[in-house]
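Open the model in your viewer and keep the selection tool at hand. The stops below run from the whole chain to single residues.

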Amino acid sequence: MSIMDTTFATALNCMDGRVQLPVNAAVRAMFGVAYVDTITAPGMVRFLADECDAAETKAVLSHTRVSLDKHGSRGIAVAAHHDCAGNPGSEQAQKDQLAKAVTFLRARFATCRIVGLWVDADGAVQVAVPAPSGHPDRVEAPS
Ligand SMILES: [Zn+2]
């Protein structure tokens with residue numbers, strides 16, 4: 001696979017090393033892309049749900065625009081996970097933040113397919129907040 005002939009999606013993930021590979025694999029499969037631009041912060045979803053005025057939030061949005069505009073990213077997956085050091089809280093509290101994060105992102109990237117992912121204690125990735133049915137990819141998928 002040439003690095004000049006690529007398809008991308010965007011992951012907004014925790015910085016936790018345990019969740020990088022599972023989220024990368026899930027996002028590649030879900031969006032049918034070769035590569036995943038990955039933007040991380042400790043406990044990513046809190047910056048997109050409850051601390052939206054933080055410098056981290058502005059940086060995440062700016063970095064996401066680079067992925068969308070320069071790489072033609074097909075969509076965005078935002079992830080939260082079990083045992084998050086950067087965002088300690090119950091699974092339900094984190095999933096509530098995840099839903100808020102998806103809403104926050106959809107308001108800013110309206111044409112973009114956006115999903116929320118939950119990584120459980122076994123490292124399995126679940127789609128906690130699916131894209132609306134029939135929502136097109138931002139970029140036409142190759143036939
Ligand atoms: Zn974490």
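Helices (H or I, at least four residues) and strands (E, at least two) are DSSP runs, numbered from the N terminus. By that rule the chain has 4 helices and 5 strands, and along the sequence they follow the pattern β-α-β-α-α-β-α-β-β. This is a predicted model: local features need pLDDT of at least 70, side-chain atom pairs count only at pLDDT 80 or more, and totals for chains, interfaces and linings use all residues. Residues are numbered from 1 along each chain as its sequence is written.

Colour by burial next. A residue is buried if 20 or more other C-beta atoms, placed from the backbone, lie within 10 Å of its own, exposed if 12 or fewer, and partly exposed in between. Of the 143 residues in the chain, 40% are buried.

Now select helix α1 (20-31). What should its 12 residues span at 1.5 Å a residue? The expected span, 1.5 Å times one less than the number of residues, is 16 Å, and the end C-alpha atoms are 16 Å apart, which agrees. Val23, Ala26, Val27, Met30 and Phe31 are buried in α1. Seen down the axis, the buried residues fall within an arc of 105° (taken from the directions from the helix axis to the C-beta atoms), so they line one face of the helix. Leu21, Ala25 and Ala29, on the other side of α1, are exposed. Just after α1, glycine 32 has a positive phi of about 65°.

Add β1 (8-14) and β2 (35-41) to the selection. Two strands pair if DSSP finds at least two bridges between them; β1 and β2 pair in the parallel sense over 7 bridges. Find phenylalanine 8, which stands opposite tyrosine 35 in β2.

Go on to the largest nonpolar core, meaning a set of buried Ala, Val, Leu, Ile, Met, Phe, Trp, Tyr and Cys residues joined through C-beta atoms within 7 Å. Among its 40 residues, Leu48, Ala77, Val78 and Ala79 touch the most other members. Elements that each supply at least two residues of this core include α2 (44-49), β3 (75-81) and β4 (113-119). Centre on alanine 79: leaving aside residues up to four places away in sequence, its contacts (C-beta atoms within 7 Å) include Ala11, Val23, Met44 and Leu117.

Finish at arginine 106 in helix α4. Arginine 106 counts as partly exposed because it has 18 C-beta neighbours inside 10 Å. Its C-alpha atom is separated by 9.6 Å from that of isoleucine 76, 30 residues apart along the chain.

How values were computed: Two residues are in contact if their C-beta atoms, placed from the backbone, lie within 7 Å.
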